[in-house]
Amino acid sequence: MLYNSTQNKNEVVSAAQAIAQGISKDGGLFVPQEFPKYDEATLKALLKEDYRGRAKKVFSDFLTDFTEDEIDDCVTKAYTAEKFDGENPAPLAFTSLGGKELNILELWHGPTCAFKDMALQILPHLLTKSLKKTYDGKDAVILVATSGDTGKAALEGFKDVEHTKIIVFYPVNGVSPMQKHQMNTQEGGNVKVCAIEGNFDDAQTGVKRIFTTPEVAEKLAENNMLFSSANSINWGRLLPQIVYYISAYCDMVNEGKIAFGDKINVVVPTGNFGNILASYYASLMGLPINKFICASNANNVLTDFINTGVYDKNRQFFTTMSPSMDILVSSNLERLLYKLSGNDDKATNEWMTALKTVGKYEVSDDVKAVINDKFFGGYCDDAQTQATISKLFEDNNYLCDTHTAVAVNVYEQYVEKTGDNTPAVIASTASPYKFSKSVLQAVAPNAELPETEFDMVDKLNELTGMAVPAPLAGLKDKTARFSDVVKSEEMQDYVLKSLSIK
């Protein structure tokens, strides 16, 4: 299994190189040249496996330059019952809203209580093995731009991992207080956290610029280092996300919610498009998915794109109560466009260049047609988000976070608009306690709001009876280690200074 750059098909690399490098030198993203096909017998065999068994199968089909023992070691160390609060790291919760059954895929039972743990607990193991295969002796410098969850999950995954250093940038006013405290209290001798004046897109653009600046790469090489990424631009981040959609389908069959071979819909709250892209990739492998429902908040650039074929980031940016989706440049959409255009690297490059230069592009009619057939785009604002949290809790005593509520709300819109009652798996991306203020205001709008974030956590626990995840409860008495704030144009200097490189 080899990988191409989305912007230059002539750049061909192994899986290990794609993971170690993170991003192509031309700025494109690495994608597999082909997708393994899972026939009926293969999927039926996966029904009998647990999550770890399913993960080993998927990884072995994409990471063909890894040995069976290496993959086994990565999976076994990443997905432990201790880290994920149980034997199934990605369990389904069955509830309902307005009389309609909801199948909620809870992806937040890991050590940072967000779906990013599903990939970032295994990425350090994949990366260190990839480095040995391709860049033996070099240290990897992991640069991360985060809108909240990726940063903490990456820090937790890479803390004190040998031959790695990790630097995380986040928008100073663009994450929840809990997310900020999670990052700024991070332990580990190889970690660094810095806020930037700006939004997530500024952070993401800054990281990409540093990645693709030859002078910076040369300075790292002189110091026996190289850049890599823990964002979903890295194939090693995206691949693990394919697993939980395949596993959820198997669990739906095993629970009797669907018959084997039945199609499902997938509903994903998404900003950077990686999570929903993983489900699309699973469908290319043979998973029976009928529709991909892309849920956005007020930053509805993806909704407009799905409906019109025009991607236009030249619009007002909103800071919302679902901050992990406060994104106007959806990096992983590039991978979808490459696939839908028939692996046309020139067209993909032209679209991405237009996005950088004028902030806008329009895809071809052929690509539009496939998107209209396969995808549905919808969005909701903060008031609708809170109303959905309240309704779901009142109806069935099920408490969800702000991002999951966006997905549930858009799913309701989809069913009302189309009448499609295909069973749906709804991705739940974070614990409600990561956004306790917004969730508390939704379930108890007339309650007096406590002063601190952790008092809000206690109040929400008292009102709902839902247990506070141990990783969040343990943060209360931790002191912040990091308080740096820089302008986006200062990010490169900050990285070099953090690495003691002049």
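Here is a walk through a few helices, charge pairs and unusual spots in this structure. Keep in mind that the model is predicted.

Let's start with helix α6, which covers residues 123–134. It has twelve residues, and the distance from its first C-alpha to its last is 16 Å, close to the 16 Å expected at 1.5 Å a residue. A good part of this helix is tucked away: its buried residues are Leu123, Pro124, His125, Leu126, Leu127, Lys129, Ser130 and Leu131. You'll notice that this list includes a lysine, Lys129, and a histidine, His125, along with leucines.

Another lysine of α6 has a partner elsewhere in the chain. Lys133 and Glu70 meet side chain to side chain in a salt bridge, at 2.9 Å from N to O. That pair ties together distant parts of the chain, with Lys133 in helix α6 and Glu70 in helix α4 (residues 68–78), 63 residues apart. Lys133 counts as partly exposed because its relative accessible area is 34%, a value between the 20% and 50% cut-offs.

That brings us to charge pairs in general. Side chains of opposite charge can pair when their charged atoms come close. In this model the count comes to 19 salt bridges. Which helices does the pair of Asp251 and Arg54 link? The two side chains meet in a salt bridge of 3.0 Å, N to O. Asp251 sits in helix α11 (residues 235–254) and Arg54 in helix α3 (residues 51–62), so the bridge connects distant parts of the chain, 197 residues apart. Both ends are covered: Asp251 is buried because its relative accessible area is 13%, and Arg54 is buried too, with a value of 3%.

Arg52 is worth a look as well. Its salt bridge is with Asp50, and the closest N and O atoms are 3.9 Å apart. Are these two residues buried or partly exposed? Arg52 is buried, at 14% relative accessible area, whereas Asp50 is partly exposed, at 40%. The pair doesn't stand alone, either: salt bridges that share partners join Asp50, Arg52 and Glu87 into one network.

Not every charged side chain ends up in a pair like that. Glu197, Glu489, Glu490 and Asp493 together form a negative surface patch. If you want a way in, pick Glu490, which is found in the loop between β16 (484–487) and α22 (491–498). Its relative accessible area is 34%, so Glu490 counts as partly exposed. That clears the bar of over 30% that a patch residue has to meet.

Now for the backbone. Most residues other than glycine have a negative phi. Two asparagines go the other way. Asn224 has a positive phi of about 60° although it is not a glycine, and phi of Asn397 is near 60°, again a positive value in a residue other than glycine. Where in the chain is Asn224 found? You'll find Asn224 in the loop between α10 (214–222) and β9 (225–229), and Asn397 in the loop between α17 (382–396) and α18 (402–418). As for cover, Asn224 is partly exposed, with a relative accessible area of 39%, while Asn397 is exposed, at 54%.

Finally, a few spots show how the chain comes back to itself. Val301 lies in helix α13 (residues 301–308) and is buried, with a relative accessible area of 1%. The C-alpha atoms of Val301 and Tyr379 are separated by 9.6 Å, with their positions 78 residues apart along the chain counted as the separation. Asp366, in helix α16 (residues 365–374), is exposed because its relative accessible area is 59%. Its C-alpha is separated by 7.6 Å from that of Ser341, and the two residues are 25 residues apart along the chain. Gln441 has its place in helix α19 (residues 436–443). At 32% relative accessibility, Gln441 is partly exposed. Between the C-alpha atoms of Gln441 and Gln386 there are 7.7 Å, although the two are 55 residues apart along the chain.

Notes:
Residues are numbered from 1 along each chain as its sequence is written. This is a predicted model: local features need pLDDT of at least 70, side-chain atom pairs count only at pLDDT 80 or more; totals for chains, interfaces and linings use all residues. Side-chain values use heavy atoms; hydrogens and water are left out. Patches are made of residues with over 30% relative accessible area and no salt bridge: like charges are joined within 9 Å, nonpolar side chains (Val, Leu, Ile, Met, Phe, Trp, Tyr) within 5 Å. Accessible areas come from the Shrake-Rupley method with a 1.4 Å probe; for residues, only the protein chains shown count as cover. A salt bridge is a side-chain nitrogen of Lys or Arg within 4 Å of a carboxyl oxygen of Asp or Glu. Lys and Arg count as positive and Asp and Glu as negative; His and the chain ends are not counted. The place of a charge is taken as NZ of Lys, CZ of Arg, CG of Asp or CD of Glu. Helices (H or I, at least four residues) and strands (E, at least two) are DSSP runs, numbered from the N terminus. Buried means under 20% relative accessible area, exposed over 50%, partly exposed in between (1.4 Å probe, protein chains only). The expected span of a helix is 1.5 Å times one less than its number of residues.
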